[in-house]
Amino acid sequence: MWNRLKWMLLALAALVATPLPAMAQEPAAAAASADEAMYYIVTRPDLRRCAFPMCGGYFVRAVNKPRTQCADGSWQAECHAAVLDTAPTRWSEGERAAFLLKFGQGHALVRGTLAAVRQEGLPWIVPTLTATEGWEGQVQRAGGGAVYRVQDNGIRCITHPCPSIEQQALNFVAKRAIAGVELDKAGASAQQTAEGVQALSAPGLLVAGRHRTVSGPGGVRDVLVATEFYLQRLAQLPATPRACGGKAGAAACGAGEFCDASLPNACAAGSVAGACRTVPDVCIALADPVCGCDGVTYGNDCERAAARVQLAHRGACEGAAPTAAPSKRR
C-alpha cells in the first residue's frame, strides 16, 4: 500500500514539474553507474489491473540476493519494473520479441539497472529496467542452486584437478578458480551443451548449479554441476549487401535475388550501381504506395521488390491507382 502511494505521489510531482527537454529517456534521479549494474530475473508478470505505470510489466529480483533495491529506493523481496528497455543491446525487433518471451517466463536473465525514468511524451516517471545484456536459459526450467558467471581463465595444467575456470557469483564481487563446469547434467541437447562449452572461452557463460568436490594429484578443487545454463543473446548485425550493377561490372546477384538500384529516379540511367536484394516471398498489406520504373503503382515497396522492378519514386505514379497488395507473392 505504501509503495503504491509513493508512486502516486511521484507521478503527481511529475505532473506539476517544469517540462523537461525532449529526449528518449531522462532519469528522474542520478543514473546508476556501470559498476552498479545488477543481474535480474522475473519472478512473475504484473497482471494487476490499474493505471500505468503503477501496474503492468514485470516483478523482478536481483539474482542471488534475498532483497532487491527497487526503483523507488526501497528494499523488497521483488520489485516492479513497468518497462524493460532493451535499446542498449541493439537487438532487432525479432530478437527482442524472442527474448521477451523467455524473460517473461523466468527463463532469461538481464544485466542492467532498475531506476525511475521519465519517458518521452509521458507526464510521469516509470520504474524501468534498462538491460545492457540478455542471457537465455537453454533447459527452460528453474535451475537449482546459485547462479554464477564462469569463463576459461587460460590456465593449463599437467595434472588434475586444474583451476582452469574463473567463477563469480552474480551480483557479487569475489572471484575464485574452480576445476571445471559440468553442463551435461542439466538436460540440454547435445548442440546446446556444445554451444555452452564454446561460450566458456568468450563471452562467458552463466550457470545455475551446485558444487561437488574432486581430488587428484593437483589437490582438492570444486566443480560446478549445472542445473541450467544461459547463453548471451548478441545482436545479429545485418550482413553488408553485395554490390551489383554499375559500370565497374560488380558481381551479379544469386538465385532469388535482384539488383535494386541504390538511387530512385534512375529509370533512364544506363548502368546504375545497386545492391543485391532478396525477392520477397510474403508482403504485408500495407498502404504505402511507390511508383515503379514500369509505370505501375505498387501498394508498397515490398510489392515493387517482389515484382523485381526498380523504384521510380515514392508515392503513386501520376494518374495511376495502386495495385492490390496480396498477402503472398512469388
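Start by selecting helix H2, residues 93-104, in this predicted model. At 1.5 Å a residue its twelve residues should span 16 Å, and the C-alpha atoms at its two ends lie 16 Å apart, which agrees with that expectation. Next, show the side chains of Glu 95, Phe 99 and Phe 103, the buried residues of H2; around the helix axis they cover an arc of only 65°, which puts them on the same side of H2. Turning to the other side of H2, you will find Glu 93 and Leu 101, both of which are exposed. Before leaving this region, move to Gly 106, just after H2, where the backbone takes a positive phi of about 80°.

Now select helix H3, which covers residues 190-199, and colour its buried residues, namely Thr 193, Gly 196 and Ala 199. Viewed down the axis of H3, these buried residues fall within an arc of 120°, so they line one face of the helix. What do the buried residues of H3 pack against? Adding strand E14 (205-216) and strand E15 (219-232) to the selection shows the two elements they pack against. If you rotate to the other side of H3, the exposed residues there are Ala 190, Gln 191 and Gln 198.

The next stop is a sheet, for which you should select strands E16, E17 and E18. The three strands form an open sheet in the order E16-E18-E17, and their pairing is antiparallel. Strand E16 (243-245) and strand E17 (257-261) stand at the edges with a single partner strand each, so one side of each is left without a neighbour in the sheet. From one strand to the next, the twist averages 50°. Within this sheet, look at E16 together with strand E18, residues 273-278: the two run antiparallel and are joined by three bridges. To place one pairing exactly, pick Ala 243 and then Ala 275, its bridge partner in E18.

Finally, zoom out and display the whole chain, which has four helices and 21 strands. Colouring by burial brings out the buried residues, which make up 38% of the 330 residues in the chain. If you draw the contacts with a separation of 6 or more, 59% of them are accounted for by residues 24 or more positions apart. With the surface switched on, the accessible area of the chain comes to about 17,800 Å², and 57% of this belongs to carbon and sulfur atoms.

Methods:
Residues are numbered from 1 along each chain as its sequence is written. This is a predicted model: local features need pLDDT of at least 70, side-chain atom pairs count only at pLDDT 80 or more; totals for chains, interfaces and linings use all residues. Side-chain values use heavy atoms; hydrogens and water are left out. Buried means under 20% relative accessible area, exposed over 50%, partly exposed in between (1.4 Å probe, protein chains only). The arc is that of the directions from the helix axis to the C-beta atoms. Contact means heavy atoms within 4.5 Å. Two strands pair if DSSP finds at least two bridges between them. Axes are lines fitted to C-alpha atoms, for helices over the stretch in contact, and angles run from 0 to 180 degrees between N-to-C directions. Accessible areas come from the Shrake-Rupley method with a 1.4 Å probe; for residues, only the protein chains shown count as cover. The expected span of a helix is 1.5 Å times one less than its number of residues.
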